[in-house]
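Reader: Please take a close look at one part of this structure, a loop position with unusual backbone geometry. I should then like a connected account that places this part in the wider model.

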Amino acid sequence: MKVKWKGAPELSSADGKFSFKVRGRLQTDYNAIDQDFDITGRPDVNAAELRRARLGVEGVLFYNVAYKFEVDFANDVTAIKDAYVEYDGLADGLSLRAGNFKTPNSLDEMTSSRFLTFLERAAFVEAWGLDRQIGAGVIYAQDHFTLSAGIFGPEPFDDEIWLKDVKTGAARATFAPINREVNGVHQVIHLGASWRGREGAEDRRSPPSGTSISNPFNDELFRYRARGADLHLADRFVSTPQVFNEDQFWGVEGAVIWGPVHVVGEYTQLEGDIARARFPGTPPLLCCNGKDPTYDGWYVEAGWFLTGETRSYKEGEFGRIKVKNPVLGGGKGGGWGAWQIAGRYDVIDLTDQATTIQGNPTSGTFPSSLSANCTQCGEQKPGRLSSIGG
Amino acid sequence: MRRAETWEVVLNWWLNDYTGLQFQYSQSDISGGPQLFTNAAGVVASANVNNNAKIEGFGTRLRFDW
């Protein structure tokens, strides 16, 4: 039996056929946000939260079969995160994975929340719904390129309700023509692209008995929205109505790491298809003049480690920072730690096809065909006209 | 149906490989949105909700993983 320290003890058999490690993360946030009450009507935010509180296990089950299972207990909600079994005995770098895991899309989404430069990912990641889903996939990873693809069903919370409805395909390819260390300087050039296609429910159904879902649209249809200031406790100030039953996402990504400096950028587009069959005669009122819109989101970021560290990179993802002079760390403690400054410019644009909608702005009322479904209308603002439609 | 442009700066301090503090300032400028509404009487009016709103925030995080 061998014991290795990886933030927590990892136990493994001497021949490496078995291993076991408890894993987890705790992220405690405080947000102070001015939400421009005079215009938005939303009060300021001064609040703390447990952003993530996860506990799980990972290891090697037997020879080439690995596993990972992690649950998030933050904010009184129990959410299954990574929960999968993986077989990597077919060929070097080739893995087959089944369970609940991230669809292979976007460098920002694929990077663990433990290693993010900013508090939250770029706005498009949440807006497009890039997340874990139940499915199966194949991953081929080498030092200079990766290929991954999978087919997925719903997110775990939906599995007892809409098990057969959401169908997703996703794929990602990355290429790192430079991934090396020269005279102690870590150098990486990363390029990548990814795609995801989702198809929602095909028929409208009543919520199953015993559930608290009051509106089946809430689970069946897609909408796209993002929070202000890229902070988790801010309200969502950009949003579409919840009227889409299919969408197509694609994105391109690039990154450079050169010693302590890194630059990253991604551009993404998403085309949403309106569920016209659900709203006979009303799509022009609901959204986008009845046309399928194409939205986009992108960001550029740059960062610099003042203390000389570098972002780690492996198999198309950013990884853990190795601190040169840790403040805490047993016999190695007493240093300054690692200091990094970074900036990001992040844009999400949901204005495509947003020109004219019908309604009555002076009274804040809508046509009766809309009012009946107004829980789908994006964010609401008491006493004011919502941003329904496009 | 709007557009948000957000710029943000962050200062990250890792105490060791597994423990860190983050301090972030960010600001979103909201623009766009429905420009025109046509009511039942055919009157066109502007209703550009939240246009020009500026959302500013400071966030900090203590993070630890194992």
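Author: A:Tyr63 lies in the loop of chain A that links β4 (45-62) to β5 (65-72). In this predicted model, A:Tyr63 has a positive phi of about 50 degrees, although it is not a glycine. Most residues other than glycine have a negative phi. A:Tyr63 is classed as partly exposed because 13 other C-beta atoms lie within 10 Å of its own, whereas a residue with 12 or fewer would count as exposed.

A second loop position in chain A invites comparison. A:Ala229 is likewise not a glycine and has a positive phi, of about 60 degrees. The loop that holds A:Ala229 runs between β12 (225-227) and β13 of chain A. Here the surroundings are of another kind: A:Ala229 has 32 C-beta neighbours inside 10 Å and therefore counts as buried, the threshold for that class being 20 or more.

β13, which follows the loop of A:Ala229, leads on to the interior. β13 (236-239) of chain A is one of the elements that give two or more residues to the largest nonpolar core. The others are α3 (123-127), β16 (294-305) and β19 (338-349) of chain A, together with β1 (2-16) of chain B. The largest contribution comes from α3(A), with 4 residues. This core has 31 residues, among which A:Trp128 and A:Ile348 touch the most other members. If residues up to four places away in sequence are set aside, A:Trp128 touches A:Tyr224, A:Phe249, A:Thr268 and A:Leu270.

The other residue singled out in the core, A:Ile348, leads to the strand pairing. A:Ile348 in β19(A) is the bridge partner of A:Gly297, and the two strands β16(A) and β19(A) pair in the antiparallel sense over 10 bridges. β16(A) is also joined by 11 bridges to strand β15 (residues 261-274) of chain A, again in an antiparallel arrangement. In that pairing A:Gln269 stands opposite A:Asp296 of β16(A).

In a regular strand the side chains alternate between the two faces of the sheet. The covered face of β16(A) carries A:Tyr295, A:Gly297, A:Tyr299, A:Glu301, A:Gly303 and A:Phe305. Its uncovered face carries A:Thr294, A:Asp296, A:Trp298, A:Val300, A:Ala302 and A:Trp304. A:Gly297, the bridge partner of A:Ile348, is thus on the covered face, and A:Asp296, opposite A:Gln269, is on the uncovered one.

Chain B takes part in strand pairing with chain A as well. Strand β3 (residues 19-34) of chain A and β5(B) run antiparallel and are joined by 10 bridges, with A:Gln27 opposite B:Arg63. Within chain B, strand β2 (residues 19-32) runs antiparallel to β5(B) and is joined to it by 11 bridges; one pair of bridge partners is B:Gln24 and B:Gly59. Both B:Arg63 and B:Gly59 belong to the covered face of β5 (residues 54-65), along with B:Ile55, B:Gly57, B:Arg61 and B:Asp65. The uncovered face holds B:Lys54, B:Glu56, B:Phe58, B:Thr60, B:Leu62 and B:Phe64.

Strand β2 of chain B also contains B:Ser31. Because 16 other C-beta atoms lie within 10 Å, B:Ser31 is partly exposed. Beyond its neighbours within four places in sequence, B:Ser31 is in contact with B:Arg2, B:Arg3, B:Asn51 and B:Asn52. The C-alpha atoms of B:Ser31 and B:Glu5 are separated by 8.4 Å, with these positions 26 residues apart along the chain counted as their separation.

As a whole, chain B comprises 0 helices and 5 strands, and 50% of its 66 residues count as buried. Chain A has 6 helices and 20 strands, with buried residues making up 39% of its 390 residues.

A note on confidence completes the account. Chain A has a mean pLDDT of 84, and 79% of its residues reach 70 or more. Confidence in chain A is highest in helix α2 (residues 107-110), at 98, and lowest in helix α6 (residues 368-371), at a mean of 38. Residues 158-163 of chain A have pLDDT below 50, and this stretch has 12 contacts beyond near neighbours in sequence. Residues 213-218 of chain A also stay under 50, with 10 contacts beyond four places in sequence. Where pLDDT is low, the predicted coordinates should not be read in detail.

How values were computed
Residues are numbered from 1 along each chain as its sequence is written. Chains are lettered from A and ligands numbered from 1 in the order in which they are written. This is a predicted model: local features need pLDDT of at least 70, side-chain atom pairs count only at pLDDT 80 or more; totals for chains, interfaces and linings use all residues. A nonpolar core is a set of buried Ala, Val, Leu, Ile, Met, Phe, Trp, Tyr and Cys residues joined through C-beta atoms within 7 Å. Two residues are in contact if their C-beta atoms, placed from the backbone, lie within 7 Å. Two strands pair if DSSP finds at least two bridges between them. pLDDT is the predictor's confidence in each residue, from 0 to 100.
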